[in-house]
Amino acid sequence: MATSEASVTRIMVAVNESTIKGYPHASISSKGAFEWTLQKIVMSITSGFKLLFLHVQVPDEDGFDDMDSIYASPEDFKSLKSRDRARGLRLLEFFVTRCHEIGVACEAWIKKGDPKEVICHEVKRIQPDLLVLGSRGLGPFQRVFVGTVSEFCVKHAECPVVTIKRRLDETPQDPVDD
């Protein structure tokens, strides 16, 4: 029996890349949030859900990662944009492939900007039933200076928000390395 789009529970899962393993691998927090969503919400009723994956790429201030912008040419900018898009697509491929393997409908897209602002904007635009995000587990000192995307989304997203903490055995020595 086919499930109509109106009766499907739409869950947005915000995902990001790992800084330890390097792009385009999914972060520990993103994988944890995704697996938790599958195990605790979707379970075996795959036709009743649609997962919406959003990856926000944070633009570098000058547009270059480790390159000196003084020597940049227009071709350099085109190359960087193309490379960033390819990396983002490979990151999303992990989640989309897994959904297709188990029969869960999904969509995925990439946006650029400040993750907390972009996620809340996309929640307002897409209107999912639920937003799921992983939490890196920053300590109080780091939260003051870095802030957290999950805390911001809990306060500002226009839908219920679930944040998934990493298991203790998944936590790197430096929580920023996720």
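Trainee: Which helix does Ser150 lie in?

Mentor: Helix α5, residues 149-156. Keep in mind that this is a predicted model.

Trainee: Why is Ser150 called buried?

Mentor: Its relative accessibility is 10%. Buried means under 20%. Therefore Ser150 counts as buried.

Trainee: What is Ser150 in contact with, leaving aside neighbours within four places in sequence?

Mentor: Leu133, Ser135 and Thr163. Contact here means heavy atoms within 4.5 Å.

Trainee: How many disulfides does a search of the whole structure find?

Mentor: The search finds 0.

Trainee: Why is there no bond between the sulfurs of Cys153 and Cys120?

Mentor: A disulfide needs the sulfur atoms within 2.5 Å. The sulfur of Cys153 is 4.0 Å from that of Cys120, its closest cysteine sulfur, so the pair is too far for a bond.

Trainee: And why no bond between Cys99 and Cys106?

Mentor: Set the value against that 2.5 Å cut-off. Cys106 holds the closest cysteine sulfur to that of Cys99, but the distance is 4.3 Å, so it is too far for a bond.

Trainee: What makes Cys99 count as buried?

Mentor: Its relative accessibility is 0%. The limit is under 20%, so Cys99 counts as buried. Cys153 is also at 0%, so it counts as buried.

Trainee: Which residues of α3 are buried?

Mentor: Val118, Ile119, Cys120, Glu122, Val123 and Ile126. Their cover includes β1, β2, β3, β4 and α5.

Trainee: How do you know what span to expect for α3?

Mentor: α3 has 12 residues, and at 1.5 Å a residue the expected span is 16 Å. From first C-alpha to last, α3 reaches 16 Å, close to that expectation.

Methods
Residues numbered from 1 in each chain as written. Predicted model: local features only at pLDDT ≥ 70, side-chain atom pairs only at ≥ 80, totals over all residues. Heavy atoms only, no water. Helix = DSSP H or I, 4+ residues; strand = E, 2+ residues; numbered from the N terminus. Buried < 20%, exposed > 50% of the residue type's maximum accessible area, 1.4 Å probe, protein only. Expected span 1.5 Å × (residues − 1).
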